[in-house]
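Please work through the exercises below with the sequence and the model side by side, and try each task before you read its solution.

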Amino acid sequence: MININRKKTKEIKIGNIYLGGNNPIYIQSMCNTDTKDIKSTVNQILALEEAGCEIIRVAVLDMQSAFAIKDIKKQINIPIVADIHFDYRLALECIASGVDKIRINPGNIGDESRIKKIVDKAKERNIAIRIGVNSGSLEKNIIQMYNGVTSKGLVESALNNINILEKYNFENIIVSIKASSVPLSIESYSMLSEKIDYPIHLGITEAGTIWRGTIKSSVGIGTILSKGIGDTIRVSLTGDPIEEIYCAKEILKSLCLRKFGIEFISCPTCGRTKIDLISIAREIEDKCKHINKNITVAIMGCAVNGPGEAKEADIGIAGGIGEGVIFKKGKVLRKVKEYELVSELMKEIENL
Ligand code: SF4
């Protein structure tokens, strides 16, 4: 197997985990609840944890949300990040509430003295700061200098903000430079990675609805990860954040960067397929969503090519006419009727 050679970045502590260095590429998401609504926010975070979310971010728009972090944190198990725009006082309050990381967009926090106040508090509590540069809110002078939003401008903004934090001897930094354009993101992250050793948070912002956003994120985040860049990823989808976790897991699995439960192989179907393979594949994938075994399952349309093509699979099915065979490591185990294929395969998976 070919392994991606990851760039080794500085290790940064966020709550009960370490990001960067040789640590796994962590999956994160963001709540779409009102942070002040503690019950709904906690319920969403627990559901995301169950799906595999490893870092959670919440929007902090007002003081009540900043105070809410204290109660939310007591009821969840993963690090919590406060997303702050415009008002540095919200960042200070979140730090006092015990948040594990602050995400600020220095371009809209205001003058340096405000950033310094956040840095001083973050230092006191050993809290990391993510500099989140965004193509939609890049500083005006940089846009003018580069005649628009460009990779050079995005990287310059990130470096300027890193310099401000470093000037106050703060190095607990994570950096992201998000754009909704995939080529711009690839160029910007590649350029950024050559210039810094801080952990990089990867994402394609405003990627779109589940179908389109999944493709766009997979192409964008996947390409950047394949260059060895990235220590944590957030897929941004217009939909239930749980879908972001499923998408992020598949991206990392596809590049062999992480293992999350079952790896599926399924054939595209062709004129030889004589069973309803598409429904069977969907049903099996769905039933296996919460099975945490590092095995490969193959769902193949015919017994002529199926087991042979999927010989790397630990277990699988190959369709016949109104029936199919269960196979293990490319060898046929037994024949079963089409209507029993799903249940019989599930028994075999559970027994593995
Ligand atoms: Fe066709 Fe069989 Fe290949 Fe599926 S495994 S695409 S049914 S030849």
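**Exercise 1.** Decide whether Asn126 is buried, partly exposed or exposed, and then do likewise for Glu206.

*Solution.* In this predicted model, Asn126 has a relative accessibility of 47%. Partly exposed covers the range between the 20% limit for buried and the 50% limit for exposed, so Asn126 counts as partly exposed. Its place is in the loop between α4 (112-125) and β7. For Glu206 the relative accessible area is 58%, and Glu206 is therefore exposed. Glu206 lies in the loop between β9 and α8.

The next step is to look at the backbone. Most residues other than glycine have a negative phi. Asn126, however, has a positive phi near 55 degrees, and Glu206, which is not a glycine either, has a positive phi of about 45 degrees.

**Exercise 2.** Work out the order of the strands in the open sheet, and find which strands stand at its edges.

*Solution.* Following the sheet from one side to the other, the 8 strands come in the order β8-β7-β6-β5-β4-β3-β10-β9, and their pairing is parallel. The edges are held by β8 (173-178) and β9 (201-202), each of which has a single partner strand, so one side of each is left without a neighbour in the sheet.

Two pairs within the order can then be examined. Strand β6 (residues 101-104) pairs with strand β7 (residues 128-134) over 4 bridges in the parallel sense, and Ile104 stands opposite Ile131 in β7. Strand β3 (residues 26-30) and β4 are likewise parallel, with 3 bridges between them, and here Gln28 is found opposite Ile55 in β4. As for β4 (residues 55-59), 4 of its 5 residues are buried, which means that this strand is largely enclosed by the rest of the structure.

**Exercise 3.** Describe the surroundings of Leu333, and say how far Leu333 is from Tyr26 in sequence and in space.

*Solution.* Begin with the element: Leu333 belongs to strand β15 (residues 331-337). With a relative accessible area of 41%, Leu333 is partly exposed. Apart from neighbours within four places in sequence, the residues in contact with Leu333 are Ile315, Ile326, Phe327, Lys328 and Glu348. Tyr26 is 307 residues away from Leu333 in sequence, and the C-alpha to C-alpha separation of the two is 38 Å.

**Exercise 4.** Characterise the largest pocket, and then the largest cavity, by volume and by lining.

*Solution.* The largest pocket has a volume of about 680 Å³. Of its 25 lining residues, Tyr246, Glu250, Lys253, Glu285 and Lys289 are the closest to its centre. Elements that give two or more residues to this lining are α1 (38-51), α8 (210-226), α9 (241-254), β11 (263-266) and α10 (277-288), and α9 gives the most, with 6 residues. By class, the lining of the pocket divides into 11 nonpolar, 4 polar and 10 charged residues.

Turning to cavities, the structure holds 1 of 30 Å³ or more. About 40 Å³ of space lies in the largest cavity, whose lining includes Arg6, Lys7, Ser193 and Asp231. That lining has 2 nonpolar, 4 polar and 3 charged residues.

**Exercise 5.** List the residues around the ligand and sort them by class.

*Solution.* The ligand is surrounded by Cys267, Pro268, Thr269, Cys270, Arg272, Thr273, Gly301, Cys302, Asn305 and Glu309. Sorted by class, this shell has 4 nonpolar, 4 polar and 2 charged residues.

Definitions and conventions
Residues numbered from 1 in each chain as written. Predicted model: local features only at pLDDT ≥ 70, side-chain atom pairs only at ≥ 80, totals over all residues. Heavy atoms only, no water. Near = heavy atom within 4 Å. Nonpolar A, V, L, I, M, F, W, Y, C, P; charged D, E, K, R; others polar. 1 Å grid on protein atoms, 1.4 Å probe; cavity = no way out; pocket = protein on both sides within 12 Å on 5 of 7 lines; lining within 4 Å. Points joined across faces, edges and corners; volume = space filled by probe spheres on them. Pairing = 2+ DSSP bridges. Buried < 20%, exposed > 50% of the residue type's maximum accessible area, 1.4 Å probe, protein only. Contact = heavy atoms within 4.5 Å.
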